[in-house]
Amino acid sequence: MAEQPIPFSQTKAWLVSCSGATAGIQYELGDGVTCVGRGSQNNLVIQGPDVASVSIQHLEIRREASGFRLRDLDSTNGTYLNGERISEVDLCAPATIRFGSQGPELTFTAEEPSAAELDKTMAIPQGILPLPELEPAAPSGTYEGLLSEAVTRARHARLKGWGDQTLSIMRETLHLALRQTSRRLHWTIGILIAGLVGMAGGAAWKIAVLAREKHSIDQRIHRLEVQLQQASGKPAESDRLISELADYQGRAQQLERNPLYRFSPHEKEDFLTQEIRTLMAEFGAEVYSVPPEFAERAGHYIELYQGPDRPLVAKVLNGSAGQLAVMRQILREERLPVDLAYIPLVESALASDKPSPAGALGPWQLTPVTARAFGLRVDKQIDERTNLAKSTRASCRFLRNLILDFGAGSSVMLALAAYNLGPSRVKQAIMDTVRDPIKQRDFWYLYRANALPRETREYVPKVVAAMIVGRNPQHFGF
């Protein structure tokens, strides 16, 4: 069938999951903008075992006068429409949207799916609750079966983690039951309501227990973070505290995965911590608890960017916005996180003609040796380090080498450290402090254990602060 743009007069469209355990789940697109990603702040939250390729905020679909428009939100793994990677494009039905080259898929359709009414919420597909749908009761002798089946389905939903389906099952059962008119039916309805209300009360009790347990764990994590800051210079004590901290963080993350937890009251994090966690998740360095010292140093540099360094930051974000866009596009083409484009804000404020005392030059402040190693011409006649596009390509190759060199886990963060200090010096500092090769690749372990040189411990939060300001210029007054 030929693809046709959705006309303005056609007001309804759906996204239908077509892969993984959630295949068949449907979401009706509303007015305005629909945000999709794995973060809880999205209109449509993508979950499941294949969610690794989905960014916290991955894409958005905007309803416009002429139809719908799909835009990638600078996701780490990209957005693919009918097999082609896109940044922003008109959306025609039918179409297949994929998160990353091998990630989960959604079907965009203008034809109403065959499931029951959507109510603009996620619909549980068959297979998640593999029980037969309720049928109208027989003329007599089947009300007990109706009640038994409804309670069984509700219990089964809770066991599968779909506790919020109790009211839907109750509504469906009552709808069928009300077709009957006998006095016996009224007793059945009363018993059914009492049973389901009891189950709802049990769920509320469980939600309260989860909230109390989570609060207790968070308090313990905070105390461990404080003890770690006081254990500086004591490797054995730091290692013990970090191991205990990792255990509590694992328990907290397990609690958060409980479907009932999302109904409990949550303490709202401050804006800076939220932004650091979001950025780390996109970099593959996701962390449950951000070290207080790291957040404090990032906040310190944000204050500098808003104060003494404000003219330089404003010049990059406003006057040099075109150069910033060029770098982001090249990083996107090189399949690297686009927020790495803010490294030059820290390195040079895009003043490409000012060399450093060490001889580094250009927006990315490359030394002659590094520049030549990654394909730039540097001699008495020509110095390509000052060429924005060429130096960005060379820096991409340099960063890719660093990321691959440090391996999995928090390799992007370690690559940032090595970009500033040099890979050899970072590795030597790590090996002098930490003997475990697994821990040597964990940026947050190295940061908490004070295994990184002081210069690097300052450089990384400084770059992260620049990224946060660059992602939220209006929030910080730019």
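**Close-up views of a predicted model**

**View 1. Strands β6 and β7 run antiparallel and pair over six bridges.** In this predicted model, β6 covers residues 59-64 and β7 covers residues 67-72. A hairpin of two residues takes the chain from β6 to β7. Look for arginine 62, which faces arginine 69 of β7. On β7 you can also find a pairing with strand β10 (residues 88-93), again antiparallel, over four bridges. Here arginine 71 has glutamate 88 of β10 as its bridge partner.

**View 2. Phenylalanine 398 and tyrosine 419 form a tilted ring pair.** The whole structure has 11 aromatic pairs. In this one, the ring centres are 5.4 Å apart and the planes meet at 40 degrees, so the pair counts as tilted. Phenylalanine 398 belongs to helix α11 (residues 388-406) and tyrosine 419 to helix α12 (residues 411-421), 21 residues apart. Phenylalanine 398 is buried at 12% relative accessible area, and tyrosine 419 is buried at 8%.

**View 3. Tryptophan 444 and tyrosine 447 meet edge-to-face.** Their ring centres lie 6.4 Å apart, with planes at 70 degrees. Both residues sit in helix α14 (residues 443-448), and because they are three residues apart, about one helical turn separates them. Tryptophan 444 and tyrosine 447 are buried. Ring pairs join them with Phe294 and Phe443 in a cluster.

**View 4. Two arginines place their charged ends over aromatic rings.** For arginine 277, the ring belongs to tyrosine 288, with its centre 5.6 Å away. For arginine 310, the ring is that of phenylalanine 478, at 4.4 Å from the centre.

**View 5. The largest cavity has a volume of about 80 Å³.** Its lining includes Asp74, Arg85, Phe283 and Pro337. By class, the lining has four nonpolar, two polar and six charged residues.

How values were computed: Residues numbered from 1 in each chain as written. Predicted model: local features only at pLDDT ≥ 70, side-chain atom pairs only at ≥ 80, totals over all residues. Heavy atoms only, no water. 1 Å grid on protein atoms, 1.4 Å probe; cavity = no way out; pocket = protein on both sides within 12 Å on 5 of 7 lines; lining within 4 Å. Points joined across faces, edges and corners; volume = space filled by probe spheres on them. Nonpolar A, V, L, I, M, F, W, Y, C, P; charged D, E, K, R; others polar. Pairing = 2+ DSSP bridges. Phe/Tyr/Trp six-rings, centres within 6.5 Å; stacked < 30°, edge-to-face > 60°. Buried < 20%, exposed > 50% of the residue type's maximum accessible area, 1.4 Å probe, protein only. Lys NZ or Arg CZ within 6 Å of the ring centre and 35° of its normal.
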